[in-house]
Structures are given as C-alpha cells and as structure tokens.
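User: Please take a close look at one part of this model, the open sheet and what surrounds it. I would like a connected account of how its strands are arranged and what packs against them.

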Amino acid sequence: VEASIPEPQRDAWKKHSAQGFTTKEQFEDETVRHVETTLARSLFNCDELAAYSGASLAFRDRLVIEWNKTQQRQTFADQKRVYYLSLEFLMGRALDNAMLNVGLKDVARAGLKDLGFRIEDVISQEHDAALGNGGLGRLAACFLDSMATLNYPAWGYGLRYRYGIFKQEIVDGYQVEVPDYWLDFNPWEFPRHDITVDIQFYGHVSRHQDEDGKNVAVWEGGEIVDAVAYDVPIPGFQTPTTNNLRLWSSKASKGEFDFQKFNSGDYEASVGDQQRAETISAVLYPNDNLERGKELRLKQQYFWCAASLYDIVRRFKKSKKAWSAFPDMVAIQLNDTHPTLAIVELQRILVDLEGLDWVEAWGIVQNTFSYANHTVMPEALEKWSVPVMQNLLPRHLQIIYEVNSQFLQMVEKQFPKDRDMLRRVSIIEESQPKMVRMAYLATIGSHKVNGVAELHSDLIKSTIFKDFVEIYGPDKFTNVTNGITPRRWLHQANPRLSELIASKLGGYEFLTDLTKLNKLEHFLDDKDFKKEWQEIKYANKVRLAQHIVNTTGVRVNPKALFDIQVKRIHEYKRQQLNILGVIHRYLTIKAMSAEERKKLAPRVSIFGGKAAPGYWMAKTVIHLVCSVGEVVNNDKDVGDLLKVVYIEDYNVSKAEIITPASDISEHISTAGTEASGTSNMKFVLNGGLIIGTCDGANIEITREVGESNIFLFGNLAEDVEDLRHAHNYGSFKLDPDLAKVFDAIKDGAFGDANRFTALCSSITDHGDYYLVSDDFNSYIKTHALVDEAYKDQDAWLEKCITSVSRMGFFSSDRCIQEYAEMIWNVEPLVPEQRNGK
Ligand code: BZD
C-alpha cells in the first residue's frame, strides 16, 4: 500500500499494463525479443537451449500477469487460504505444463516451427525441478496443480535446495550419484530479495517481566541466518488462477556476516560464515522412508517452518483481525511430520511475541493445523534427540515439554492410573537419549490427521495412533486417498490418447472432471476407436524403445509385452521379488522346447529408480538387475523372448515417457507397507494394467476397475505379522522355485555370486522380513496368468479401456476437494473468466 501509484496516474499505468501474447505472431515477437534482448543473442547463435529460454520467458510473462492479478484478488477477497507445507516439491518441467494450462501449446508449436524449431526438442531442453525423493514430493506437486485449477487460494511453502535429488548414472552395473545443480538458468523462479526473514538458532532462554508484570520467555543469543523468498508461479488449467509456491533460500545475515573479520583481512573465516549459512538450503536429503536424525536436517526444518510462519502471520496481521479469527483465515497442511515444528513456532509466536494466554493460543494452533501421515514403517517415523533440540531450539523444546505436560494431564484424567498409557503416548520417549516423537506432536497439535489410502488410514488407527483414537475419538482421524493430476499424467504425458478420448467424449471436460471418463465404456465395440487406441499404445512403446536403445544400447521389440517397475528402490517395494521372478522366467525359457517357446509372449522387463546413496541393499538390487540384463540380453538362445533393462535416472520427465508405454506395471510391496502409491494410478490412467499386492491404493483401484481387470497376488496385510513371527520362530521354508533361482545366482550365472550374498541371505537366513519367499509362488503363477491374458489382444484391450474409464476417482482434484471440505474448510475463489474462456 505504501508504494501504490497515486489515483490520477493510474489510468496511464493501466493503459500500459502488460498483456501477454495470445496469437502466434505475438508469441514469435515475444520469443525473439527475449532471445535478442533478455539473453543478448541473435539468430546467428540461437540454439535449442536459447529457443527454450526465449519461449519460456514469453510464457513466463503471461503467467506473471495472471499471477499478480490472482494475488490481488485473493487479498481483496479476504477469505481463508491454505498453506501447504512440504519439504519436497517434485515439479518436473514447467514449460510444457505452462503451455497446456494456458491453452497455447498449439500456438507455441506453430510459432517455434516458424522460427526453425521442433517444439519437442525445445521442451526437452528444460532441466527437471527435482526437489523431492518420490511419491511424497510428487503428491505435493500434483496438489499445487489441482489447487490452482480448482481456484483455491493456496500457497505452497518449501525449501529452495541448490541441489535437488542426485542424478543417477549406471556405471558398470552400479549406481553412481552425480550432484544435480539445477539453478544455472531457471526462468521460473523470482527472487524476492525484499522478502527476507531473520531466523534464529541456538542461544538460550531467559525470563523477563513485561509491562503488565507478566512473566515472559525471551529467546536470546545464538546466531541468525537470513531466509530469502523465491517465488514460482503455479498456473491452473483453463483458469486465470495462478497460485504461488514460495521456496526459501538461506543466506548469511547482513548483521551477522562478519565485517570485522573481513576488514581485518581474514577473508577465509568471513566467507566460511557465509558458506555455513548457505549450507542450510544447499541439498535435499536423498532418503525416502528413512529419517537419520541429522542436525542439519532439523535446521532445514526449522528454517523453513519459521520463515513460512513469519510470512503467514505477517499477512494475517495486515487484516487487523483478532487472533481468534486466525483459524478462520488460515489452514496449514503438514505434508508428513517434516514441518511439525511449525506447530511449536506458531505457539511461540502467539505466547512469547504476541502475549496471548497459553490455552487460547493452543486452541488457535490446533484449529489451524492438519497433518497427513505417509508411512507406518518405524524407520521412517521422525524422532529428534532431546539434547540436539535443546541445543538448536531451546525455547521450542520448552514449549514441547509444556504441551506434553498438559496433554498428559488430560490423558491422566481420562484414563486414571493407566501409567503405561502415559508412557506410550508421551511426546517424549524415555530412551537414552530421550527423543521427541514428531508424529505424536503433529497429532496433538492438529485438528485432523489423515492417511493417504483406505487401508493405510485404517492401519494407522490400529497401530501407531491406536491410543490417540481412544483419547480423541475416531473423528479426528480420517482418510483422503491420494490422486494424480490428469493434466500432467494424461494430457501432457500422452497427448494422443488424451486427444482420442476427447474426440469420443466430445471435448476435454474429462481433464477437469475425470469421472467423465466413464463414458468411454460405450465405445468398447467401436472397432476404429480400439484400433486407434492400440496404435497409440504401440507408438508410445516405440518411443520408449527408442529411449532405451539411445541410453542403454539394448534393442527391445516394441511388440513385446512391456512389464515396468519404476519407483524408488526399497526392500519394501520389492524390486528384488521382481528380478528374482525374472530370473525364474529366464531359467524356465532356457528349459523350454522350441514348441513351448513359440507359445510364449515376448517380454521386456523394465526397471528404473534411485537408491538412497547409503542404502546398500537397494544398491545391490540395482546391481543384480543390471547383471541379469547383461546375461539375458546377450543370450542369443533367448532373443526377444526376454530382455531386461535398467533405465538410468528415473525422474518426472522420464516418467512422462515411461508411463504411457506400459502393458503391465508392478506395484508389489509387502502388504501393509506402501501407504498408497500413486504411480499405480498413472499407469492405469495411461491404459496399462497392474500386477500388484493387496496394498495401499491398489485395493481401491481394484474396487473401481473390477477384480477381473487387475492381477492381484500375495499374502494379505492382516497375515503379515503372523508370517513374520513364524519365520522368526523356526518355521521358515524357502519356496522351491525360489531356491532354484538362488542356486543359479550362487553358481555364478550372473557374475560373481559374492556380490549378492547379503541379498540372498536376507531372505534365506535372516527372517525374510518382506515375505519375498511367501509371495513368490503366487507371484510366478500370476505372471503366468498375465502371459495368458496378453495372448488375447482383444480381451486385453478391453480390460485396458474399461480400466481407464473407471479411473475418475483418482484425480488429485477429487482429493483436494476432500481436503478443502473435510479438513481445511476453505472455499474456492472463482475469477471472472477472461479472454473469452
Ligand atoms: O508418499 C510416499 C509413500 O511411500 C507412498 O506410498 C505414497 O503414495 C506417497 C504419497 O502419499 N512416501 C514418501 O515418498 N516418502 C518420502 O519420500 C520420505 C522422504 C523423506 C523422509 C521420509 C519419507
């Protein structure tokens, strides 16, 4: 407001207000102008990267115009906003998405062609924004897309890592990690050097009397690091709404940067301080489903939570409303426990800085926050050592102890004399050292807790949060089954299929109301439609086969059945089950007569995914896949009947090529371990079938598509505990087919057997925690059913089309609507449609 243009000058201002292009001519004008002026290049040195940059800047201008208007509109509307706090946003590429969301991809294609470029080549110049590990980070990205598309006033808050998830190279069959420096040229972010927040660490707490004689805690001393905001526009699909993703970057504070040292010539020490500050946002931790309790990670968490909360509170204070209205204006969603310190930070702001009474403040906090859980696996549940927290965040630890003490008093009243209950639900685990249990803190500080698929939401209620269901009642706990954005995962990744569907349904409404896909079932007898569907699948497989030969040198037959498992490598996701099954298939083929071989559908087994750098077993699995590939792919006797490939550096943009090319994909986690899974949804939406366990969202996918359209196998979640118990008490029996597979490995059929000893013995000698042996027979038999089913191409196609038509439920739009109505209590702010849209 302070810097606004005076009334008499506003007409002039409005007359010159930027408009952004709409026609091909204007797009070319803008692109060339950016190449020539912003980039200072010319038609004599404009390569594809320069064309990408010019086109991106042209689109960016358009986004910015709507972005500014959206922010103004949301400010004037003065209604509740959602803040989505996530340590990870796995965004992938932005240009293609921007083109499609503003509806100008055809204009850009024609314009780029005039200028001498193919749009695909230009788009593929972009470096993925890979600020995440896997499902959790990608979910956040899908949610941003849906929140903007549905016109919710919503902001994302995250960290601007200098290095995203590492780039994976496969060298001699081993994973090698290469740093992902992605910020060289990133036209999609806007540094806001004017939006800088001081973040305090370390120091101590003292007590003072304020003017009213009230005893207040003051957090003093320690060090200050600056948080600088970088904003990324998030365009909705076919709507002017353009929301904001704010990422914080760390920088040495001006006050702290040691000029003393600098002046006295001690440049190194002074630069050292600077580097230490910048370390906070330097790198994404590359673990998924594992928390290792490193201090720097806790620093990242507090840095990001404190900066975001300062920003949110400042925005609220401008409204001059009473604090009691805070939860009516602000909903904060916690993506897992990583942002749990935000709960403590808000309590600190309200009590220590704003002088609210403790109980009133805590009521506001609870009504503001909600928490989504993404795992039940003990090694992924966050715990922080009390001494580490005491040192880094002394005041926050005090607040946690006070929250805990009041909570335990309440529980004590409700369950008198149940000492064990108090021990079990305490935020503080009485271990050596003591630990802060973040999932409990998040639960106590939120008004709603949700799991991400039905089975998972039921499981958390009967395991980690069992006592809390007793204490708070069942209504605090709910389910929101995950979803994916059909814009990126159908329209962008599989444009031909999207177009075919639109031609049958009479338009693209299904992209914003995915349940409309159900009309596709009317075309199951339409020969031309089915033929075209099949041609599209084949073309997508040809494209992937091309990628595979380019990157691995292995030639695969696009007519073969493409069997794909791409996701983070983890024992619970059981890529080892898959590759052991592949070895079984190889041995079976080798033993087959020529006649038998003729009846077998050729297969390509495709793997991809990153292993956490310190996860030895996961890396061994990668090595086994590559070693099997080496042998099988060079076995002339087997030829096209079986190929095994490892696709390097699986990421969002690779997923856009891989997903549309699958015939079948593998979602084969040990029952009860995969909270939801979201790639299962992507594959089915792109006309592939699933082989999977009764786990996570597979169960709901089955309910929607029908049992006859999915290949389920394996033990059920309810039996897992007993099976594990039985293994540990002597009744482990190795599956006989699996035993033959291990024999082949031990005989050196895939190279030096010693490299695989630990992997094999985790199953044979150490309890087979993930039930690979228990599920092996069922897995092999189910793959035989897949082979059979694939022979009847017509019936297969019918399964695929039927499944796609029943995927409406799995849109992230449906999820966001559920969050908005059940948890956040926010309304959309629908803009007046402009430009005739
Ligand atoms: O979250 C995943 C679950 O494993 C999936 O089942 C689920 O579909 C998605 C989305 O809900 N969890 C993760 O991806 N978790 C992490 O990446 C992670 C990262 C850091 C620390 C702990 C977990």
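Analyst:
**The open sheet and its surroundings**

In this predicted model, β7 and strand β10 (residues 223-235) are paired in the antiparallel sense, over nine bridges. Within this pair, I199 stands opposite V225 of β10. Both strands belong to an open sheet of nine strands, in the order β7-β10-β11-β4-β1-β12-β13-β17-β18, and the pairing across the sheet is mixed. At its edges lie β7 (190-201) and β18 (477-479), each of which pairs on one side only. On average, neighbouring strands of this sheet are turned by 25° against each other, direction ignored. Strands of a sheet pair through backbone hydrogen bonds, in either the parallel or the antiparallel sense.

Helix α7 (residues 135-149) packs on the sheet. The helix touches β1 (81-85), β4 (154-159), β10, β11 (242-252) and β12 (330-335), and its direction makes about 135° with that of β11.

The residues I199 and V225, which stand opposite each other, also share a contact partner: F303 touches both, together with A227, W248, S250 and I280, not counting residues up to four places away in sequence. F303 is in turn one of the residues with the most contacts inside the largest nonpolar core, as are Y83 and V625. That core has 220 residues.

How values were computed:
Residues numbered from 1 in each chain as written. Predicted model: local features only at pLDDT ≥ 70, side-chain atom pairs only at ≥ 80, totals over all residues. Core = buried A, V, L, I, M, F, W, Y, C linked by C-beta atoms within 7 Å. Buried ≥ 20, exposed ≤ 12 C-beta atoms within 10 Å, placed from the backbone. Contact = placed C-beta atoms within 7 Å. Pairing = 2+ DSSP bridges. Helix = DSSP H or I, 4+ residues; strand = E, 2+ residues; numbered from the N terminus. Axes fitted to C-alpha atoms, helices over the stretch in contact; angles between N-to-C directions.
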